[in-house]
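Biologist: I am new to this model. Please take me closely through one part of it, the cysteines, and then show me what lies around them.

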Amino acid sequence: MKNLLEHTGLEPGRLHFSWISSAESTKFVDVVTKITDEVKALDPANKKYVKTEPKVD
Amino acid sequence: MTQYIDKIKEIANRVLTEGKVEMVIGFRKGSVPMMNQPHLATSAESVDELVWDSNCGLNLANYLTDKKGTIGIIAKGCDSRNIVTHVIENKIKRDQLYIIGVPCTGMIDHHKINAMFDGEVLNVEESGDSITISGNGFSETLSKQELLAENCAVCSHRNPVEYDELAGDLVEEQKDVDQYASVTKVEALSADEKFNYFEDLLSPCIRCYACRNACPLCYCPTCFVDESRPQWVGKSQDPTDVKTFHLLRAYHCAGRCTDCGACERVCPMGIKIREFTKKLNKDCQDLYGWEAGLSLDERPPLDTFKTDDPDEFIK
Ligand code: SF4
Ligand code: SF4
Ligand code: SF4
């Protein structure tokens with residue numbers, strides 16, 4: 001999943017997978033903090049796969 | 001390739017008269033050059049319409065899904081691998097089928113040939129390894145090797161993997177071909193370049209879904225793109241919607257695609273759709289040592305679990 005998305009141009013670091021049990025609240029907090037920090041560090045201009053206004057030629 | 005036809009007709013007639021099968025699925029001449037059509041032969045007269053040449057690039061396994069009764073089917077390497085995939089996915093039973101295997105030397109690329117000439121190509125004749133292409137005011141003879149479809153040029157399973165009878169002697173498999181050369185090239189690009197590469201690749205897509213309809217793997221009664229409750233993907237021409245369709249279709253083919261090239265062949269815009277499925281084929285090869293449709297006794301990687309499955313992507 002990750003491989004093909006990154007192969008087609010998704011910036012590495014935007015897609016994260018994790019396996020967290022409902023009992024692992026501290027792991028959940030850690031993972032989410034880490035992901036949001038990593039994503040915030042990326043250039044917002046590189047937001048891909050977001051629909052935009054139609055291009056008019 | 002053309003020499004197989006007598007044997008194909010002989011076998012088809014025999015299995016029909018013996019009552020082994022109710023119909024034989026093969027090809028007949030198409031209404032335009034280089035586009036042979038699927039043909040269901042049920043009688044001696046309709047067997048006579050069968051043809052075999054280098055324009056049989058559609059995948060006949062596509063016509064087997066959930067069929068009842070007994071069926072004879074003509075299968076080149078890739079068709080036979082999709083038949084195997086159909087059998088392991090319970091879309092047809094092996095004992096309903098009589099597979100007439102045809103060792104294959106590749107199919108020619110009509111997109112490429114049409115692009116080579118200014119005028120309309122009106123006639124394409126094949127004799128051994130040379131192909132003569134002619135139209136109004138031009139005629140040229142080229143070697144078939146130069147005209148092969150991209151997937152056939154790198155195909156390493158030309159002989160059928162599963163069959164009841166062969167229509168010709170097995171051919172030598174191509175060694176030393178780099179199946180994944182196109183993927184490796186893209187892998188070397190930066191994230192931005194990759195994004196632009198696929199954006200350009202898909203920009204002509206008109207979302208006609210011919211690629212999906214020709215693919216034997218795409219047999220869902222209602223495809224996710226057609227569903228409206230819920231609507232999984234936008235139906236517009238927005239590049240994000242178009243790409244979502246192609247990415248999701250590719251994921252649905254992961255570990256199943258045989259690189260038969262039917263999807264590319266039928267695309268009216270000549271888009272290289274295999275760039276998506278090829279990447280997943282390469283991952284399946286690298287991560288699980290898997291190529292689709294080679295054996296009736298092995299389950300595909302995405303429906304098995306092993307404790308040593310690679311899991312680096314998950315934290
Ligand atoms: S992919 Fe292989 S088996 Fe299929 S048509 Fe091409 S050369 Fe033949
Ligand atoms: S066949 Fe070609 S144009 Fe049609 S949906 Fe597929 S990629 Fe797009
Ligand atoms: S995705 Fe294309 S190449 Fe793969 S099995 Fe389907 S039609 Fe063949």
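Modeller: Start with Cys223(B). The closest cysteine sulfur to its own is in Cys218(B), 6.4 Å away. A disulfide needs the two sulfur atoms within 2.5 Å, so this pair is too far apart for a bond. In general, a disulfide is a covalent bond between the sulfur atoms of two cysteines. This model is predicted, and over all chains it holds zero disulfides.

Where does Cys223(B) sit, buried or exposed? Its relative accessible area is 13%. Buried means under 20%, so Cys223(B) counts as buried. Cys223(B) also belongs to a core of 27 residues. Leu4(A), Phe198(B) and Leu247(B) are included there too. That core is separate from the largest one.

Leu4(A) brings in chain A. Chain A has 57 residues, and 26% of them count as buried. Its secondary structure comes to two helices and zero strands. Take the contacts in chain A with a separation of 6 or more: residues 24 or more positions apart account for 53% of them.

Now another cysteine, Cys211(B). Its relative accessibility is 7%, so Cys211(B) is buried. Cys211(B) is also among the closest residues to ligand 2. Cys205(B), Cys208(B), Tyr209(B) and Cys267(B) are the others listed as closest, and 14 residues surround this ligand. Helix H9 (210-214) and helix H10 (239-252) of chain B each give two or more residues to that shell. Ligand 2 sits in the second largest cavity.

Ligand 1 has cysteines around it as well: Cys78(B), Cys104(B), Cys152(B) and Cys155(B). Other residues surrounding ligand 1 include Lys76(B), Met107(B), Asn151(B), His157(B) and Arg158(B). H3 and helix H6 (150-153) of chain B each supply two or more residues to the shell. Ligand 1 sits in the second largest pocket.

Helix H3 (77-88) of chain B leads on to the largest nonpolar core, to which it gives two or more residues. This core has 41 residues. Among those with the most contacts inside it are Ile8(B), Val24(B), Trp52(B) and Ile74(B). Helix H1 (5-17) and strands S1 (23-28), S4 (71-75) and S5 (97-101) of chain B also give two or more each. H1(B) provides the largest share, six residues.

Val24(B) shows how the parts meet. Beyond its neighbours within four places in sequence, its contacts include Ala12(B), Leu16(B), Leu40(B), Ile74(B) and Ile100(B). In soluble globular proteins, nonpolar side chains tend to be buried together.

Technical notes:
Residues are numbered from 1 along each chain as its sequence is written. Chains are lettered from A and ligands numbered from 1 in the order in which they are written. This is a predicted model: local features need pLDDT of at least 70, side-chain atom pairs count only at pLDDT 80 or more; totals for chains, interfaces and linings use all residues. Side-chain values use heavy atoms; hydrogens and water are left out. A nonpolar core is a set of buried Ala, Val, Leu, Ile, Met, Phe, Trp, Tyr and Cys residues joined through side-chain atoms within 4.5 Å. Buried means under 20% relative accessible area, exposed over 50%, partly exposed in between (1.4 Å probe, protein chains only). Helices (H or I, at least four residues) and strands (E, at least two) are DSSP runs, numbered from the N terminus. Contact means heavy atoms within 4.5 Å. A residue is near a molecule or strand if one of its heavy atoms lies within 4 Å of it. On a 1 Å grid over the protein atoms alone, a cavity is a set of points where a 1.4 Å probe fits but cannot get out, and a pocket is an open set with protein on both sides within 12 Å along at least five of seven lines; lining residues have an atom within 4 Å of a point. A molecule sits in a cavity or pocket if more than half of its atoms lie within 2 Å of its grid points.
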